[in-house]
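Here are some friendly notes to read alongside the model. Please keep the structure open and look up each residue as you go.

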Amino acid sequence: MKLLQIKIIFLLGFISCRTFSPVAYEPPIKPEPVGIYEPNTELQKAILLAIGKVKGLESLDVDSDGNIYGGDKDGRIIRITLKGEIKAIAKTSGRPLGVQFDKTGNLIIADAYKGLLSMDKSGKITTLVSEYKGVPFKFTDDLDIAQDGKIYFTDASIYEQKEYLYDLLEARPYGRVFVYDPKTKETQLLLQDLYFANGITLSKNEDFLLVNETYRYRITKLWLKGPKKGTSEVIIENLPGFPDNITRNENGEFWVALFTVRNDRMDNMHPSPVVKKMIYFLPKFLWPKAQPYGYAMKIDGNGKVLMTVQDPTGDHLKDVTSVIEKKRQLYIGSLYNDRVGIYVLP
């Protein structure tokens with residue numbers, strides 16, 4: 001009887017579906033875990049803060065006093081002091097993801113539901129931009145701020161944050177990159193047709209930016225200056241996992257957070273739109289599951305992998321969505337985990 005009910009629900013859903021339209025995608029064979037990708041346990045050495053006291057600080061930034069800031073799943077902006085004090089200092093009423101301080105000390109926030117926000121030192125939140133040409137952003141994801149104050153940010157998908165796995169299944173390029181100018185209040189579309197436009201960061205000289213295409217296991221470079229201005233190119237593809245946020249260190253190198261390693265079951269389903277449509281109508285607990293795994297890598301501006309830090313067990317750190325380097329320390333955030341990691345670089 002239960003099997004019959006599932007079949008009926010599936011058939012009704014299949015008939016009524018009008019918007020979900022997956023396409024075939026042939027993922028490259030994932031790289032072998034050897035060489036630079038060989039598993040290591042470096043992230044198990046990380047210091048853990050606020051265990052069990054925070055709820056998914058997806059992205060992090062650190063102020064001049066060493067306090068850590070991030071947004072949690074309840075829409076709160078959380079501050080963790082050097083003494084370990086944890087306090088909610090503001091609430092966006094959405095889902096804050098990317099966060100970064102600007103030159104004046106405002107915390108700029110990419111909120112998945114509310115758009116690009118600014119929080120001043122008193123905790124007051126104002127909306128900078130929430131739409132483009134009259135159409136609201138669906139999934140404001142990550143940001144980086146240029147020296148002139150312009151804010152580069154991503155709108156990951158046409159699906160909302162709680163529906164991001166539908167984007168994975170559909171395998172269509174819905175992601176976009178924008179730049180917002182606080183002086184003119186104008187927003188410009190820079191790049192579109194990206195496969196889940198996630199993390200974004202500027203180069204040290206601000207002549208290009210990098211954006212993670214999570215569901216194509218790759219990183220794309222968009223040139224902002226020079227003879228290639230306005231053009232884009234893939235600098236690294238066939239990554240061993242799902243790239244989430246990306247940040248730059250003082251040396252001009254980049255840290256890429258990998259949410260988890262590749263999922264063989266998902267890769268095997270991608271070539272078949274029919275199979276993916278069947279999965280779409282199944283209860284979420286029957287969908288392919290992310291393996292608990294902690295993973296981050298450092299690359300140069302041409303996509304060369306310089307090092308990786310990992311926790312293959314996922315017991316210490318997992319679901320890594322942001323890694324920022326400050327004074328030879330990596331501050332590690334997670335969309336789902338209940339902690340913040342601090343890894344001291346060798």
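1. A definition helps to begin with: a charge sits over a ring if NZ of Lys or CZ of Arg is within 6 Å of the ring centre and within 35 degrees of the ring normal. Please also keep in mind that this is a predicted model.

2. With that in hand, have a look at Arg-216, whose charged end sits over the ring of Tyr-25 at 3.7 Å from the ring's centre. A second such contact brings together Arg-262 and Tyr-217: here the charged end of Arg-262 sits over the Tyr-217 ring, 3.8 Å from its centre.

3. Next come contacts between rings. A pair of aromatic rings is described by the distance of the centres and the angle of the planes. How many aromatic pairs does a search of the whole structure find? The search gives 20 of them.

4. One of these pairs joins Tyr-69 and Phe-101. Their ring centres are 5.0 Å apart and their planes stand at 90 degrees, so the pair is edge-to-face; the cut-off for that label is over 60 degrees. Tyr-69 belongs to strand β3 (residues 68-71) and Phe-101 to strand β6, so that the pair links distant parts of the chain, 32 residues apart. Is Tyr-69 buried or exposed? With a relative accessible area of 7%, Tyr-69 is buried, because buried means under 20%.

5. Phe-208 and Phe-254 make a tilted aromatic pair, with 6.3 Å from centre to centre and 50 degrees between the planes. This pair, too, links distant parts of the chain: Phe-208 is in strand β17 (residues 208-213) and Phe-254 in strand β21, 46 residues apart. Phe-208 counts as buried at 9% relative accessibility, and Phe-254 counts as buried at 0%.

6. You may also like to find the aromatic cluster formed by Phe-20, Tyr-159, Tyr-166, Tyr-174, Tyr-280, Phe-281 and Trp-287. Tyr-280 appears again among the buried residues of helix α4 (residues 273-280), which are Lys-276, Lys-277, Ile-279 and Tyr-280. Those buried residues cover an arc of only 155 degrees around the axis, which puts them on the same side of α4.

7. Now for the open spaces. Rolling a probe the size of a water molecule over the atoms shows where empty space is left. The largest pocket holds about 1,200 Å³ of space. Its lining has 47 residues, and those nearest the centre are Asp-61, Val-62, Gln-100, Phe-101 and Lys-326. Strands that each supply at least two lining residues include β2 (60-62), β6 (96-101) and β12 (140-145). By type, the lining divides into 16 nonpolar, 14 polar and 17 charged residues.

8. The second largest pocket has a volume of about 600 Å³. It is lined by 30 residues, with Tyr-164, Leu-165, Tyr-215, Phe-259 and Ala-290 closest to its centre. Which element gives the most to this lining? Helix α2 does, with 4 residues; β20 and β21 (254-261) are among the elements that each supply at least two. This lining divides into 18 nonpolar, 6 polar and 6 charged residues.

9. Finally, take a look at Ala-88 in strand β5 (residues 86-91). Ala-88 is partly exposed, at 37% relative accessible area. Its C-alpha atom and that of Leu-239 are separated by 36 Å, and the two residues lie 151 residues apart along the chain.

Conventions:
Residues are numbered from 1 along each chain as its sequence is written. This is a predicted model: local features need pLDDT of at least 70, side-chain atom pairs count only at pLDDT 80 or more; totals for chains, interfaces and linings use all residues. Side-chain values use heavy atoms; hydrogens and water are left out. On a 1 Å grid over the protein atoms alone, a cavity is a set of points where a 1.4 Å probe fits but cannot get out, and a pocket is an open set with protein on both sides within 12 Å along at least five of seven lines; lining residues have an atom within 4 Å of a point. Grid points are joined across faces, edges and corners, and a volume is the space filled by probe spheres set on the points. Ala, Val, Leu, Ile, Met, Phe, Trp, Tyr, Cys and Pro count as nonpolar, Asp, Glu, Lys and Arg as charged, and the others, Gly among them, as polar. Rings of Phe, Tyr and Trp (its six-membered ring) pair if their centres lie within 6.5 Å; planes under 30 degrees apart count as stacked, over 60 as edge-to-face and the rest as tilted. Buried means under 20% relative accessible area, exposed over 50%, partly exposed in between (1.4 Å probe, protein chains only). The arc is that of the directions from the helix axis to the C-beta atoms.
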